[in-house]
Amino acid sequence: MAEFSLQALDPLASESLPFSAGEATLSAPPPEQLLSVQPFSGQEKAVTGALKKTLDTSLEPHKAGSALWMGQGIWFLVNVDTKRAARAIDQRAAITDQSDAWATFDLTGADAAAVMARLCPLDLDAEIFPPSATARSEFAHMMASITAIEGGFRVRVMRSFAKTALHHTRDAIRSVAAQRSLPK
């Protein structure tokens with residue numbers, strides 16, 4: 001009998017990244033481990049306390065770190081020790097590995113905010129959305145998680161939307177670059 005094994009595939013591997021035009025660059029960061037945590041009813045404070053004590057992170061909306069707010073009662077722990085997280089939470093939350101379900105890319109450079117303005121309705125001004133801020137929002141007509149990083153933004157979309165998100169992002173980068181190259 002044949003033996004089979006499952007292997008994670010990088011949804012961005014065939015996408016010729018990095019891509020740059022004008023003063024914006026689209027790139028793929030190293031793959032992330034994403035662990036979904038959904039505290040059971042009445043357990044959010046206990047889970048937050050346990051994560052803060054064990055992993056030095058807490059479940060705070062709109063502030064990135066190793067815990068990302070993904071919606072009402074849903075958090076992603078990013079690149080944390082899975083076994084330590086599970087022991088800390090100790091059956092006070094549902095935990096699932098979401099690593100293969102999401103694609104992550106970075107948009108950086110001086111034109112990153114102008115590109116994002118074409119794709120996302122959030123006000124991403126650095127005073128309102130500083131580095132480490134995170135929010136769930138629409139991105140090119142898809143739901144995404146947007147996190148401000150130094151020099152730009154980290155975007156996470158569902159894996160099945162990765163190619164479409166990159167297509168729209170490349171188009172927006174080209175558009176902003178073309179607009180900047182027009183004579184003034």
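This dialogue explains how to read several features of the structure above.

Biologist: What should be known about the model before reading it?

Modeller: It is a predicted model, in which local features need pLDDT of at least 70 and side-chain atom pairs count only at pLDDT 80 or more, whereas totals for chains, interfaces and linings use all residues. Residues are numbered from 1 along each chain as its sequence is written, and side-chain values use heavy atoms, with hydrogens and water left out.

Biologist: Which strands form the edges of the open sheet?

Modeller: Strands of a sheet pair through backbone hydrogen bonds, either parallel or antiparallel. Helices (H or I, at least four residues) and strands (E, at least two) are DSSP runs, numbered from the N terminus, and two strands pair if DSSP finds at least two bridges between them. Here, an open sheet of 6 strands follows the order 1-2-7-10-9-8 with antiparallel pairing. Strand 1 and strand 8 are the edge strands, each pairing on one side only. On average, neighbouring strands of this sheet are turned by 25° against each other, direction ignored. Within the sheet, strand 2 and strand 7 are joined in the antiparallel sense by 3 bridges, and Leu-26 stands opposite Leu-107 in strand 7.

Biologist: Which strands does helix 4 lie across?

Modeller: Axes are lines fitted to C-alpha atoms, for helices over the stretch in contact (heavy atoms within 4.5 Å); angles run from 0 to 180 degrees between N-to-C directions. Helix 4 lies across strand 1, strand 2, strand 7, strand 8, strand 9 and strand 10, and runs at about 10° to strand 7.

Biologist: Which residues have the most contacts inside the largest nonpolar core?

Modeller: In soluble globular proteins, nonpolar side chains tend to be buried together. A nonpolar core is a set of buried Ala, Val, Leu, Ile, Met, Phe, Trp, Tyr and Cys residues joined through side-chain atoms within 4.5 Å. Buried means under 20% relative accessible area, exposed over 50%, and partly exposed in between (1.4 Å probe, protein chains only). The largest such core has 32 residues, and Met-116, Phe-139 and Ile-146 have the most contacts inside it. Among the elements that each supply at least two residues are helix 3 (112-119) and strand 9 (142-149), while helix 4 gives the most, with 7 residues. Apart from this core lies another, of 14 residues, including Leu-51, Leu-77, Val-80 and Ala-93.

Biologist: Where is Val-80 placed, and which residues does Val-80 touch?

Modeller: Val-80 sits in the loop between strand 5 and helix 2 and is buried, with a relative accessible area of 11%. Not counting residues up to four places away in sequence, Val-80 touches Gln-33, Leu-55, Ser-66 and Ala-85.

Biologist: Which residues of helix 2 are buried, and which are exposed?

Modeller: In helix 2 (residues 82-89), the buried residues include Ala-85, Ala-88 and Ile-89. The buried residues fall within an arc of 90° seen down the helix axis, so they line one face of helix 2; the arc is that of the directions from the axis to the C-beta atoms. On the other side of helix 2, Lys-83 and Arg-87 are exposed.

Biologist: What does the side chain of Thr-134 reach?

Modeller: A polar contact is a pair of N or O atoms within 3.5 Å; within protein, one must be able to donate a hydrogen and the other to accept it, and residues adjacent in sequence count only if both atoms are side-chain atoms. Thr-134, in strand 8, is buried, with a relative accessible area of 0%. The side chain of Thr-134 reaches the backbone oxygen of Ile-146 at 3.2 Å, and a polar contact of 2.8 Å joins the side chains of Thr-134 and Thr-147.
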